[in-house]
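Biologist: Could you walk me through how the labels on this model were assigned? I would like to see each value set beside its cut-off.

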Amino acid sequence: MRTRIVAVLATVGLCGLLFTTGCSYRENICADGEYPVIAVGPEGGRACLPDGQEPTAPYVRFPADKVPQHVDDEWDVYWRTHGIDENGTVIET
């Protein structure tokens, strides 16, 4: 019983230490070996494709300098209010 209490207290202490030191988990947009694509049009939509596979309609690659990498990063937030039209132009949605 005493061993369990010590283990629980150690776990709680470690979690508290990680929380107060600013360690955080950043969720990736796609899994390893995949990259994100966006659907053409104002309604957007996203998917992840295996590296090396080219997107097919209705999906296209994100502009190279505006690819979201993590949930809630700068480009993930940006693409919530923007899309790509059939000419490849970035549009506000």
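Modeller: Happy to! Let's start with burial: a residue is called buried when its relative accessible area is under 20%, exposed when over 50%, and partly exposed in between. Please keep in mind that this is a predicted model.

Biologist: Thanks! What makes Cys 30 buried?

Modeller: Its relative accessible area is 11%, and the limit for buried is under 20%, so Cys 30 counts as buried.

Biologist: And why is Cys 48 called partly exposed?

Modeller: Cys 48 has 29% relative accessibility. That value lies between the limits of 20% and 50%, so the label is partly exposed.

Biologist: How do you know that a disulfide joins Cys 30 to Cys 48?

Modeller: The S to S distance is 2.0 Å, and the rule asks for cysteine sulfur atoms within 2.5 Å, so the pair qualifies as a disulfide. The count by this rule is one disulfide. Distant parts of the chain are linked here, 18 residues apart: Cys 30 sits in the loop between helix H1 (2–20) and E1, while Cys 48 belongs to strand E2.

Biologist: Why is that disulfide called left-handed?

Modeller: The torsion about the S-S bond is about -85 degrees, and therefore the disulfide is left-handed.

Biologist: On to the sheet. What makes E1 and E2 a pair of strands?

Modeller: At least two bridges are needed, and E1 (residues 34–39) shares five with E2 in the antiparallel sense, so they pair. Within E2, Arg 46 is the bridge partner of Ile 38, and Leu 49 stands opposite Tyr 35. E1 and E3 also run antiparallel and are joined by three bridges; there the bridge partner of Ile 38 is Val 60.

Biologist: Which order do the three strands take in the open sheet?

Modeller: The order is E2-E1-E3, with antiparallel pairing. Strands E2 (46–50) and E3 (59–61) stand at the edges because each has a single partner strand, which leaves one side of each without a neighbour in the sheet.

Biologist: Why is E1 described as largely enclosed by the rest of the structure?

Modeller: Five of its six residues are buried, so that description follows.

Biologist: One last residue: is Asp 76 buried or exposed?

Modeller: Asp 76, in helix H2 (residues 74–78), has a relative accessible area of 5%. The limit is under 20%, so Asp 76 is buried. Its side chain reaches the backbone nitrogen of Asp 72 at 2.6 Å, and the residues Asp 76 touches include Ile 29, Arg 46 and His 70.

Note on methods. Residues are numbered from 1 along each chain as its sequence is written. This is a predicted model: local features need pLDDT of at least 70, side-chain atom pairs count only at pLDDT 80 or more; totals for chains, interfaces and linings use all residues. Side-chain values use heavy atoms; hydrogens and water are left out. Helices (H or I, at least four residues) and strands (E, at least two) are DSSP runs, numbered from the N terminus. Buried means under 20% relative accessible area, exposed over 50%, partly exposed in between (1.4 Å probe, protein chains only). A polar contact is a pair of N or O atoms within 3.5 Å; within protein, one must be able to donate a hydrogen and the other to accept it, and residues adjacent in sequence count only if both atoms are side-chain atoms. Contact means heavy atoms within 4.5 Å. Lists of a residue's contacts leave out its neighbours within four places in sequence.
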